[in-house]
Amino acid sequence: GTMQLVDLYNHDVEDTLHRYRRRASGQAALARKGIRSRIDLDAMINAARDEMETLGEDPLPTDWFDAMFSDFFGGPGWGYWAGSVNKGVDAGWGIAKDVAGLSLLGQLGFSQLIDSANIMASVGIRDFFTHSKALAGLDKELRDVNSALMDDLAFLYGDIGHDHQLFRPHLNMDELSQKETHKFVKGAQGITHNLKAIQAYTSLFNTVRGKEQELCAMALANKVFKYIKAGEHTDRIKFDLGMDDWVFDKLSDLVRNGTIEFKTVNGKEYVHRLNADRWNNAMLRDDFASIMVRGQNNMIQKNMVGEQDLWTRTNTGSMLTYLKMFPLTAIPKQMMRNARFMDNEALGVAMYGMAVAYVALSVRDAMNGKDRSVSERSKAAFAYSNMFGWVPMVTDPAFTMMGLDEYRIQRYGRHYEMAIAPVEVANRLVRAPGAVLSAVTGDTLTQSDKQSLLAIPFMRTLGIGQWMLN
């Protein structure tokens, strides 16, 4: 990465440093694959287009390639659709999405709990709770073992469980355009970004995801090396984590020669030390770190570079898919990945996913004072589970077209699949002043009034808004 002259004029030091780090990281990743400069990248793109032409195909536009590789240069990911490219989502669109998130995601921590099901299915319910007790300090001996393991993992790929501090997701660096905007828009953007950062804490999202990532790192490292030592489930490990034969063989050698240390606690064997400083192979360390990050982002679902279609990064695409991308991304990351093997782990992800979703919904309903039957909550748990969350997006419109609304799984409205969340929230906020006036004067609140009041940012935080209405 290179510092640019324009960076010296940017008063936002946090933004400048994070973009510099992102640019350095992206260019280092390209360099590892032999692309050491823009000249190398252009040569590769031209070679790919020439090969397409030789095969009698219409070569993809250069803009399409530029959009695909834009993630590696520190700026936002470019969108591309129908010959048109946009270098990041415009600030106004970003603010609209931020406000929608502030309105709707006040209880995001409860939804995030559902990813715990992936860890349960991967390592078993017993090991999940054992590692959870160690993480909470209730099992001191295993906590000491895990602490040493976490130190070794941090040596390989950095501090674990602190994504919100390392990557600053509230700044939307992956998405927002860097072009100059009006001072008022820039100020509004800064306010919504700061409010998003606060909401990530008040909704318990940072806390829940951070603990899940720590737990996942411990569980995943134990799973990989225990399976390698036992010679079990090697195909599953390689496919799930994208581990090639060279890395698998090298890690197997480390297990055999005692570099990877195990320790028995309460009659059960756990990984104690990786001793990564003794691996004597920088490429192996880098590859294993990438494997762990990839595995962690599969279990505790998080998009990585290349996992979103370029259309979803256009202004229109980003608005239409807002709050819909998580279940869509889960199709390859959860459903297809597990369905490939159809083993006990795949069944566990499905069953634990629905069970954890049911528990999370029960707690959330209790906080919100919402009364649902077991059948209604079971349907909602199915729709919230990480394996099947995409299913209602397919079946519900079909039931509506056939006039069978009573069979719909989601009950947010007959046409929620086509609803644009920022537009819906804006519509409710426009009516909010009248609803506030009715509440203050003691008038009877209609359902529309209640929805408008709950649309005010932070009103859904931990059920506070619903409690006030009740």
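**Exercise 1. Find which residues Gln 107 is in contact with, leaving aside its neighbours within four places in sequence.**

*Solution.* Leaving aside those neighbours, Gln 107 is in contact with Ser 203, Arg 364, Asn 368, Arg 460, Leu 462 and Gly 463. Keep in mind as you work that this is a predicted model.

Step 1: place the residue. Gln 107 lies in the loop between α4 (91-104) and α5 (108-112).

Step 2: check its exposure. The relative accessibility of Gln 107 is 9%, so this residue counts as buried, the cut-off for buried being under 20%.

Step 3: look at what the side chain does. One polar contact of the Gln 107 side chain is with the side chain of Asn 368, at 2.8 Å. The side chain of Gln 107 also reaches the backbone oxygen of Arg 460, at 3.4 Å.

Step 4: add a C-alpha distance. Gln 107 and Phe 205 are 98 residues apart along the chain, and 7.9 Å separates their C-alpha atoms.

**Exercise 2. Describe the surroundings of Ser 203, starting from its place in the chain.**

*Solution.* Ser 203 was one of the contacts of Gln 107, which makes it a good next stop.

Step 1: find the element. Ser 203 sits in the loop between α10 (183-202) and α11 (205-230).

Step 2: decide whether Ser 203 is buried or exposed. Its relative accessible area is 2%, so Ser 203 is buried.

Step 3: list the contacts. Not counting residues up to four places away in sequence, Ser 203 touches Leu 105, Gly 106, Gln 107, Leu 108 and Gly 109.

Step 4: follow the side chain. At 2.8 Å, the Ser 203 side chain reaches the backbone oxygen of Gln 199.

**Exercise 3. Work out which residues make the nonpolar surface patch, and whether Trp 467 is buried or exposed.**

*Solution.* Step 1: name the members. Leu 204, Leu 462, Ile 464, Trp 467 and Met 468 make a nonpolar surface patch of about 520 Å². You have already met Leu 462 among the contacts of Gln 107.

Step 2: place the tryptophan. Trp 467 is found in helix α23, which covers residues 464-469.

Step 3: compare with the cut-off. Exposed means over 50% relative accessible area. Trp 467 has 63%, so this residue is exposed.

**Exercise 4. Say in which sense strands β3 and β4 pair, and what lies between them.**

*Solution.* Step 1: take the pairing. β3 (residues 261-265) and β4 (residues 268-273) pair in the antiparallel sense over five bridges.

Step 2: pick a pair across the strands. Lys 263 stands opposite Tyr 270 in β4.

Step 3: look at the turn. The two strands form a hairpin with two residues between them. Asn 266, in the turn, has a positive phi of about 55°.

**Exercise 5. Take three of the salt bridges and ask how far apart in sequence the partners of each are.**

*Solution.* Step 1: get the total. The whole structure holds 20 salt bridges.

Step 2: start with Arg 32 and Asp 287. Their closest N and O atoms are 3.1 Å apart. The pair links distant parts of the chain, with Arg 32 in helix α1 (residues 13-32) and Asp 287 in helix α14 (residues 282-299), 255 residues apart. Arg 32 is partly exposed at 45% relative accessibility, whereas Asp 287 is buried at 19%.

Step 3: turn to Arg 38 and Asp 42. This salt bridge also has its closest N and O atoms 3.1 Å apart. About one helical turn separates the two residues, because they are four residues apart in helix α2 (residues 38-54). Arg 38 is partly exposed at 39%, and Asp 42 is partly exposed at 31%.

Step 4: finish with Arg 313 and Asp 71. Here the closest N and O atoms are 3.0 Å apart. Arg 313 lies in the loop between α14 and α15 (315-320) and Asp 71 in the loop between α3 (62-69) and β1 (79-81), so the pair ties together parts 242 residues apart in sequence. With a relative accessible area of 12%, Arg 313 is buried.

Step 5: look for shared partners. Arg 38, Asp 42 and Asp 66 are joined into one network by salt bridges that share partners.

Methods:
Residues numbered from 1 in each chain as written. Predicted model: local features only at pLDDT ≥ 70, side-chain atom pairs only at ≥ 80, totals over all residues. Heavy atoms only, no water. Buried < 20%, exposed > 50% of the residue type's maximum accessible area, 1.4 Å probe, protein only. Polar contact = N/O pair within 3.5 Å; in protein donor to acceptor, adjacent residues only side chain to side chain. Contact = heavy atoms within 4.5 Å. Pairing = 2+ DSSP bridges. Patch = residues over 30% accessible without salt bridge, like charges linked within 9 Å, V, L, I, M, F, W, Y side chains within 5 Å. Areas by Shrake-Rupley, 256 points an atom, 1.4 Å probe, with all protein chains shown as cover. Salt bridge = Lys/Arg side-chain N within 4 Å of Asp/Glu carboxyl O.
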